[in-house]
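Work through these exercises with the model open beside you. Try each task before you read its solution.

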Amino acid sequence: MDGDGQRPLEAGIRTDLRGAMSYGEYLELGTLLCAQRPRSRPEHHDELLFIVAHQTSELWLKLVLHELRGAREHFGAGDMAQARKCLARVKHVLRTLADQWSVLATLTPHDYAEFRGALATASGFQSWQYRAVEFILGNKHSGMLALFESDPEAHALLSRTLAEPTVYDAFLRLLARTGHPVPDAILTREVTGAWVEQPLLVPVLREIYRDVDANWEAYATCEDLVDVEDAFQLWRFRHMRTVQRTIGWKQGTGGSSGVGFLKRALELSFFPELFTVRSEIGE
């Protein structure tokens, strides 16, 4: 320490950044940190928390979508190891997103009511990135496209995602190419539709789970997909509970039933056969 109590800078630390790439420039912090603009008047202290929490979630969703596309591409190329790496990252991001609800849960009902009107009709229900994540995981709904007609870029992306195979489709096609008897009807299904449980797939998965040693890579990838769904469901649950403690049973700002709508989402499954097969393991 110097005599004034300050730690001296290391000799190698660069202090003159004129003409050089800086941390702020690389991350475009000038743009990023100016994107939080509370709408309440007078500005309510807690609105910044609400905005930051949701903007942060959107950044994480951007990464989740990026990694799920990567996993699908790797499955298509026959590279299960790289696909698993992408799925592992998705799992950890989803867990981080679930933990973030604890910060938003510090927003009391009274404080939220003070600025909720500033949202007008804005709602997380309108998040096109969240919808794209659900689409690529299998929960497709063409009716949702109407919600984004006023945003041509979002509408085009969701339309493409609706028409593309899901991560699960890509995985099952890879299983078929590596010798597992996935039924043709599943491999050639109309991918624009939502995934519904396929009973004929359960015996295929049962054989994978029955002989783990012989099917290790496929088995481990199945468990990775289960991890992703569990993490996603935990996020959904924490969302529902945070909304319930903040607004109770009020209608959502976007017109949904609020907590009731979020509770019904907990009944959805992206990979239902991977849970059904558990009832047959050991029999």
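Four exercises follow, all on a predicted model.

**Exercise 1. Decide how covered helix H8 is, and look at its two ends.**

Step 1. Locate H8 at residues 167-177.

Step 2. Check burial along the helix. Of its 11 residues, 8 are buried, so H8 is mostly covered. The buried residues include Tyr168, Phe171 and Leu175.

Step 3. Look at the start. A side-chain oxygen of Thr166 lies within 3.3 Å of the backbone nitrogen of Tyr168.

Step 4. Look past the end. Gly179 follows H8, and its phi is positive, near 105°.

**Exercise 2. Work out how H8 runs relative to helix H11, and what lies in their contact.**

Step 1. Find H11 at residues 216-247.

Step 2. Take the axes. Those of H8 and H11 come within 12 Å and cross at roughly 170°.

Step 3. Apply the cut-off. Angles over 145 degrees count as roughly antiparallel. H8 and H11 are therefore roughly antiparallel to each other.

Step 4. List the residues that meet. H8 brings Val167, Tyr168, Phe171 and Leu175. H11 brings Ala218, Thr221, Cys222 and Leu225.

Step 5. Sort this contact by class. There are 7 nonpolar residues, 1 polar residue and no charged residues.

Step 6. Think about spacing. An α-helix has 3.6 residues a turn, so residues three or four places apart point the same way.

**Exercise 3. Explain why Cys222 forms no disulfide.**

Step 1. Recall the bond. A disulfide is a covalent bond between the sulfur atoms of two cysteines.

Step 2. Count the disulfides in the structure. There are 0.

Step 3. Look for a partner. The closest cysteine sulfur to that of Cys222 is in Cys86, 17 Å away. A disulfide needs the two sulfurs within 2.5 Å. The Cys86 sulfur is therefore too far for a bond.

Step 4. Check the surroundings. Cys222 has a relative accessible area of 0%, so it is buried. Cys34 stands at 51% relative accessibility, so it counts as exposed.

**Exercise 4. Is Gln36 buried or exposed, and what does its side chain reach?**

Step 1. Place the residue. Gln36 is in the loop between helix H2 (29-32) and helix H3 (47-76).

Step 2. Use the cut-off. Buried means under 20% relative accessible area. Gln36 has 19% relative accessibility, so it counts as buried.

Step 3. Follow the side chain. The Gln36 side chain reaches the backbone oxygen of Leu32 at 3.0 Å. With the side chain of Gln55 it makes a polar contact at 2.5 Å.

Step 4. Name the neighbours. Leaving out residues up to four places away in sequence, Gln36 touches Leu48, Ile51, Val52 and Gln55.

How values were computed: Residues numbered from 1 in each chain as written. Predicted model: local features only at pLDDT ≥ 70, side-chain atom pairs only at ≥ 80, totals over all residues. Heavy atoms only, no water. Buried < 20%, exposed > 50% of the residue type's maximum accessible area, 1.4 Å probe, protein only. Helix = DSSP H or I, 4+ residues; strand = E, 2+ residues; numbered from the N terminus. Polar contact = N/O pair within 3.5 Å; in protein donor to acceptor, adjacent residues only side chain to side chain. Axes fitted to C-alpha atoms, helices over the stretch in contact; angles between N-to-C directions. Parallel < 35°, antiparallel > 145°, perpendicular 65-115°, else oblique. Contact = heavy atoms within 4.5 Å. Nonpolar A, V, L, I, M, F, W, Y, C, P; charged D, E, K, R; others polar.
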